[in-house]
Amino acid sequence: MGGPGRVARLLVNLVRRGAGWGLRYEHAELDGDAGVVVLAGDSPAYASAFTLAEGRVHRIYVVVNPDKLAALRLGGPVE
């Protein structure tokens with residue numbers, strides 16, 4: 001059914017599709033958690049933060065509020 005492999009495949013496929021749509025991805029620290037900001041042009045479209053537990057992704061948080069996205073400090077391109 002689910003599982004970490006399936007979640008990983010979903011995220012990889014979203015990144016691949018986003019590149020075709022002109023989206024860029026940059027590292028960010030979001031409330032102390034590892035995160036990724038998705039940019040459409042120079043503007044953040046959304047941000048995702050990942051909390052880890054026992055070496056696995058425990059939760060994924062997504063922020064789309066433009067006021068919160070405007071306050072982000074980006075860490076550079078995701079490679």
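This section walks through the fold of a predicted model, from overall layout to individual residues.

The protein chain contains two helices and four strands, and along the sequence these follow the pattern α-β-β-β-β-α. Of its 79 residues, 20% count as buried. Among contacts in the protein chain with a separation of 6 or more, 26% come from residues 24 or more positions apart. The prediction carries an average pLDDT of 80 over the protein chain, and 89% of the residues score at least 70. Confidence varies along the chain: the lowest mean, 76, belongs to α1, and the highest, 87, to β3.

The centrepiece of this description is the sheet. Its four strands are arranged as an open sheet in the order β1-β2-β3-β4, with antiparallel pairing. The edge positions are taken by β1 (23-30) and β4 (56-63); each of these has a single partner strand, so one side of each is left without a neighbour in the sheet. On average, and with direction ignored, neighbouring strands of this sheet are turned by 25 degrees against each other. Helix α1 (residues 4-20) packs on the sheet, where it touches β1, β3 and β4, and its direction makes about 130 degrees with that of β1.

The geometry of α1 can be checked with simple arithmetic. With 17 residues at 1.5 Å a residue, α1 should span 24 Å, and the end C-alpha atoms are 25 Å apart, which agrees. The general background is familiar: an α-helix has 3.6 residues a turn, so residues three or four places apart point the same way. After α1 comes Gly-22, which has a positive phi near 85 degrees.

Turning to the strand pairs, β1 is joined to strand β2 (residues 33-40) by eight bridges in the antiparallel sense. Several of these pairings can be followed residue by residue. Leu-23 has Ala-40 of β2 as its bridge partner, Tyr-25 is partnered by Val-38, and Glu-26 is partnered by Val-37. The next pair, β2 and β3, is likewise antiparallel, with seven bridges. Here Ala-40 appears again, as its bridge partner in β3 is Ser-43. Ala-40 is thus a handy landmark, with a bridge to Leu-23 and another to Ser-43.

Both connections between these strands are hairpins with two residues between the strands. In the hairpin of β1 and β2, Asp-31 adopts a positive phi near 50 degrees, while in the hairpin of β2 and β3 a positive phi near 70 degrees is found at Gly-41. Asp-31 sits in the loop between β1 and β2, and at 83% relative accessibility it counts as exposed. Gly-32 lies in the loop between β1 and β2 as well; its relative accessibility of 56% also makes it exposed, because the cut-off for that class is over 50%. The loop can be placed relative to residues further along the chain. The C-alpha atom of Asp-31 is separated by 8.2 Å from that of Ala-49, a residue 18 positions away along the chain. For Gly-32 and Phe-50, likewise 18 residues apart, the C-alpha separation is 9.7 Å.

Ala-49 also belongs to the interior of the model. The largest nonpolar core has seven residues, namely Ala-28, Leu-30, Val-37, Leu-39, Ala-47, Ala-49 and Leu-69. At least two residues of this core are supplied by each of β1, β2 and β3. Val-37 therefore has two roles to note, as a member of this core and as the bridge partner of Glu-26.

A final residue worth a look is Thr-51, placed in strand β3 (residues 43-53). Is Thr-51 buried or exposed? With a relative accessible area of 16%, Thr-51 is buried, because the limit for that class is under 20%. Which residues is Thr-51 in contact with, leaving aside its neighbours within four places in sequence? They are Asp-33, Arg-56, Val-57, His-58, Arg-59 and Tyr-61. Of these, Asp-33 falls within β2, whose residues are 33-40, and Tyr-61 is one of those that fall within β4, spanning 56-63.

Methods: Residues are numbered from 1 along each chain as its sequence is written. This is a predicted model: local features need pLDDT of at least 70, side-chain atom pairs count only at pLDDT 80 or more; totals for chains, interfaces and linings use all residues. Side-chain values use heavy atoms; hydrogens and water are left out. Buried means under 20% relative accessible area, exposed over 50%, partly exposed in between (1.4 Å probe, protein chains only). Contact means heavy atoms within 4.5 Å. Two strands pair if DSSP finds at least two bridges between them. Axes are lines fitted to C-alpha atoms, for helices over the stretch in contact, and angles run from 0 to 180 degrees between N-to-C directions. A nonpolar core is a set of buried Ala, Val, Leu, Ile, Met, Phe, Trp, Tyr and Cys residues joined through side-chain atoms within 4.5 Å. The expected span of a helix is 1.5 Å times one less than its number of residues. pLDDT is the predictor's confidence in each residue, from 0 to 100.
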